[in-house]
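Have the chain open in your viewer? Here is a quick tour of a metal site, a pocket and a few residues around them.

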Amino acid sequence: MAIKVKKNDRVRLTAGKDRGKEGKVLFVDIKKSRLIVEGLNLVRKTKRPDQQSQKGGIIDIEAPVHISNAMIVCPKCSSAVRVKRKELENGKKVRVCAKCGEVLDKV
Ligand SMILES: [Zn+2]
């Protein structure tokens, strides 16, 4: 499956404890087909004191989610949609919303 999600896309999770929630993609790991989504799929980690912050403690960090568990949210439909690829007249390939045809990439 081709990876259609890019950094800064808005996605909705379709599985896991944060199913139905939306967030911005911070990182895409193409090799592992995983995404980091801002504020979602948080896991609690114990942090050891280090040189930057003297205090240790418990922090929440985003755990990767599998790409098949995230759908792109179309800004126009404001719902999770399938994405199609389309070639523009100038030959540039963009991603479009399969529902309304909105171009999801900056052209
Ligand atoms: Zn749309």
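## Ground rules

Strands here are DSSP runs (E, at least two residues) and helices are too (H or I, at least four), numbered from the N terminus. With that in hand, Lys76 sits in the loop between β7 and β8.

Keep in mind that this is a predicted model: local features need pLDDT of at least 70, side-chain atom pairs count only at pLDDT 80 or more, and totals for chains, interfaces and linings use all residues. Residues are numbered from 1 along each chain as its sequence is written, and side-chain values use heavy atoms, with hydrogens and water left out.

## The zinc site

What holds the zinc ion? Four cysteines coordinate it through their SG atoms, at 2.1 to 2.3 Å: Cys74, Cys77, Cys97 and Cys100. Donors here are N, O and S atoms within 2.8 Å of the metal (3.2 Å for Na, K and Ca); water is not among the atoms, so sites may look incomplete. The angles among the 4 donor atoms run from 107 to 112°, making the site tetrahedral; four donors earn that label if all angles lie between 85 and 135 degrees. For reference, the ideal angle for four tetrahedral donors is 109.5 degrees.

Along the sequence, the zinc donors follow the spacing C-x2-C-x19-C-x2-C. One pair links distant parts of the chain: Cys74 is in the loop between β7 (70-73) and β8 (80-81), while Cys100 is in the segment after β10 (93-97), 26 residues apart. Cys74 is buried, at 0% relative accessible area, whereas Cys100 is partly exposed at 34%. The cut-offs are under 20% for buried, over 50% for exposed and in between for partly exposed (1.4 Å probe, protein chains only).

## Lys76, beside the cysteines in sequence

Lys76 counts as exposed, with 57% relative accessibility. Leaving out residues up to four places away in sequence, Lys76 touches Cys100 and Glu102, where contact means heavy atoms within 4.5 Å. Between the C-alpha atoms of Lys76 and Cys100 there are 7.7 Å in space, for 24 residues in sequence.

## The second largest pocket

Now for some empty space. The second largest pocket has a volume of about 180 Å³. A pocket, on a 1 Å grid over the protein atoms alone, is an open set of points where a 1.4 Å probe fits, with protein on both sides within 12 Å along at least five of seven lines; lining residues have an atom within 4 Å of a point. Its volume is the space filled by probe spheres set on the points, which are joined across faces, edges and corners.

Among the residues lining this pocket are Lys7, Asn8, Pro75 and Arg95. By class, the lining has 4 nonpolar, 1 polar and 6 charged residues.

## Two lining residues: Lys7 and Asn8

Lys7 lies in the segment before β1 (10-13) and is exposed, at 56% relative accessibility. Setting aside neighbours within four places in sequence, Lys7 is in contact with Val25, Leu26 and Val28. The C-alpha atoms of Lys7 and Val28 are separated by 6.3 Å, with their positions 21 residues apart along the chain.

Asn8 is in the segment before β1 as well, and its phi is near 75°, a positive value in a residue other than glycine. Most residues other than glycine have a negative phi. Not counting residues up to four places away in sequence, Asn8 touches Lys24 and Val25.

Technical notes: Four donors count as tetrahedral if all angles lie between 85 and 135 degrees; four count as square planar and six as octahedral if opposite donors are over 155 degrees apart and all others between 65 and 115; anything else is irregular. Ala, Val, Leu, Ile, Met, Phe, Trp, Tyr, Cys and Pro count as nonpolar, Asp, Glu, Lys and Arg as charged, and the others, Gly among them, as polar.
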